[in-house]
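I opened this entry to keep a record of what I looked up, residue by residue and helix by helix. The notes are in the order in which I went through them.

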Amino acid sequence: MTRAANIAPADKLPSAVPLQVSIPFMLGSISLATSYGSSFFLVDALRSIGQSATTAGAVISTGTIATILCSLLVGRIADSVGLTRTISAAAVMMTIAMACFASASTSTLFAYAGGFFLGVGWSGFYMLAPLEVLRHVRSEARIKYLTLLSGSQMLGIGLAAPLARAVAETAGSYIAVYALFAAACLVAATFFELAGRGAHASQPRMPNVGLTLQGVMEIFRSSTRYPIIMIGVGGCVFAGLFTFQTLYAASRAQSADTFFLVFTLTAVFMRFAVAPIIGKVRIERAVAVLFMCTIAGLLILFVNVDSTAIYIIGTMVFALGYGLSYSTLNSMAVDLADRDGTPLAIASQVFTLSYFVGLFGFPSIAGQIVKASSFDHLLMSMMMLVVANAVILTTQVFSAGRAH
């Protein structure tokens with residue numbers, strides 16, 4: 001593929017997303033992410049209506065499979081009907097998912113259907129939302145808006161649990177909460193439509209969004225493969241620490257709720273606070289600093305015995321490092337794709353797929369490590385993964401230096 005397969009020549013794009021596009025799009029992202037965050041208490045919701053934990057696990061597995069499959073196909077759908085319209089359709093799929101969960105007390109089939117539509121809707125949005133940002137701005141502004149997008153998503157996910165608890169206490173059931181989230185998804189779809197209408201008429205249509213084997217192979221033959229591999233490894237670290245956080249907290253006489261609250265608040269604050277200035281730092285240096293913060297956070301958690309203060313500090317340092325890594329590495333991936341003349345749309349989607357592989361694949365490996373030894377050994381393994389990322393970053397920097 002040639003540079004024509006990219007979104008548009010970077011020097012011909014503006015340096016900012018129009019407010020009539022960015023504001024409704026970010027608000028829609030918050031609304032949709034809040035609904036997705038409801039999946040984290042799905043097990044409790046299903047158990048409250050007499051379903052077993054096994055059923056809940058099967059529903060979540062259904063959603064995981066749907067996420068991966070839809071991720072491979074959603075680009076082709078966007079090629080056919082348009083990017084913004086596909087994102088709006090993903091929000092509608094999420095609406096159906098929430099409605100199915102709200103109806104789960106009448107039939108278990110609704111729960112499985114909800115899991116399927118949840119995977120379809122969220123993967124469609126998560127894969128394509130960065131492309132909506134990338135097609136509006138020139139290269140130096142990408143990291144700012146990708147960081148704002150990830151901040152909006154994290155804010156929405158973080159709002160899900162406290163909002164659900166408040167509504168559940170009033171309604172008397174977690175299941176009733178999903179009716180509210182169905183409405184939130186419809187609101188998100190409306191915001192996305194408003195963002196689409198607010199785009200300039202001259203905005204170029206994004207070609208070659210659909211994933212192809214040829215496009216993926218071209219990405220991995222280029223230097224774009226480095227940040228793609230790094231985010232896959234980073235997804236492993238994130239999944240390992242989050243999935244088994246209750247075990248860690250119990251081993252240190254702490255509450256896992258402290259970790260989740262501190263991580264969310266720190267990550268959201270840093271993403272919105274740093275977004276306007278992070279683009280002024282050389283991206284490789286920013287990634288190196290973030291990796292150092294990530295491993296420092298893991299090390300603090302590792303040496304902690306039973307101190308709540310150290311637990312909070314370790315969580316904050318980890319959130320600072322990992323919390324900014326996703327958008328920074330995403331920006332690196334598309335910048336390298338632009339530099340190499342490979343398609344930005346394909347690079348961004350392969351980047352997200354790599355993250356999904358780490359996020360969904362590593363917990364089974366982490367579970368075996370914990371089962372065979374302890375959570376401390378898992379922490380050591382995750383620190384080694386961050387070191388591996390640092391080695392990959394160093395390799396990328398040296399290879400770029402030789403190329404120039």
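What follows are my entries on cysteines, the core, one helix pair and a few single residues.

**Entry 1, the model.** I note at the start that this is a predicted model, and I read the entries below with that in mind.

**Entry 2, cysteines.** I wanted to know how many disulfides the structure holds. I found zero disulfides. For reference, a disulfide is a covalent bond between the sulfur atoms of two cysteines. I then looked up Cys100, whose closest cysteine sulfur is that of Cys185 at 12 Å, and this is too far for a bond because a disulfide needs the two sulfur atoms within 2.5 Å. Coming from the other side, I got the matching result, since the closest cysteine sulfur to Cys185 is the one in Cys100, again at 12 Å. Cys100 is buried, with a relative accessible area of 9%, and Cys185 is buried as well, with a value of 0%.

**Entry 3, the nonpolar core.** Next I asked which residues touch the most other members of the largest nonpolar core. This core has 121 residues, and the ones with the most contacts to other members are Met98, Leu241, Leu298 and Tyr355. Its largest share comes from helix H14 (residues 344-372), which gives 13 residues. I followed Met98 further and, setting aside residues up to four places away in sequence, I listed its contacts as Ser35, Ser38, Leu118, Tyr178, Phe181, Ala182 and Cys185. Cys185, from the previous entry, is thus one of the residues that Met98 touches.

**Entry 4, helices H5 and H6.** I looked up how helix H5 (residues 108-134) packs with helix H6 (residues 139-171), and I noted an angle of about 145 degrees with the axes 9 Å apart. The crossing of H5 and H6 is right-handed. On the H5 side the contact is made by Phe125, Tyr126, Ala129, Pro130, Val133 and Leu134, and on the H6 side by Arg142, Tyr145, Leu146, Leu149 and Gln153. Sorted by class, this contact has nine nonpolar residues, one polar and one charged.

**Entry 5, Ser150.** I stayed with helix H6 to look at Ser150, which is found there. Is Ser150 buried or exposed? It counts as buried, because its relative accessibility is 6% and the cut-off for buried is under 20%. Not counting residues up to four places away in sequence, Ser150 touches Arg271 and Ser327.

**Entry 6, Ile228.** I placed Ile228 in helix H9 (residues 225-243) and noted that Ile228 counts as buried, at 1% relative accessibility. Leaving aside neighbours within four places in sequence, its contacts are Ile219, Phe220, Ala347, Val350, Phe351 and Ser354. I also checked Ile228 against Arg142, which lies 86 residues away along the chain, and their C-alpha atoms are separated by 17 Å.

**Entry 7, Ala253.** Ala253 caught my eye for its phi near 55 degrees, a positive value in a residue other than glycine. I located Ala253 in the loop between helix H10 (245-251) and helix H11 (256-278), and at 64% relative accessibility Ala253 counts as exposed.

**Entry 8, Asp79.** Last, I looked up Asp79 in helix H3 (residues 53-81), where Asp79 is partly exposed, with a relative accessible area of 28%. Asp79 and Ser31 are 48 residues apart in sequence, and I noted 25 Å between their C-alpha atoms.

Terms used:
Residues numbered from 1 in each chain as written. Predicted model: local features only at pLDDT ≥ 70, side-chain atom pairs only at ≥ 80, totals over all residues. Heavy atoms only, no water. Helix = DSSP H or I, 4+ residues; strand = E, 2+ residues; numbered from the N terminus. Buried < 20%, exposed > 50% of the residue type's maximum accessible area, 1.4 Å probe, protein only. Contact = heavy atoms within 4.5 Å. Core = buried A, V, L, I, M, F, W, Y, C linked by side-chain atoms within 4.5 Å. Axes fitted to C-alpha atoms, helices over the stretch in contact; angles between N-to-C directions. Left-handed = near helix turned anticlockwise from the far one by under 90°. Nonpolar A, V, L, I, M, F, W, Y, C, P; charged D, E, K, R; others polar.
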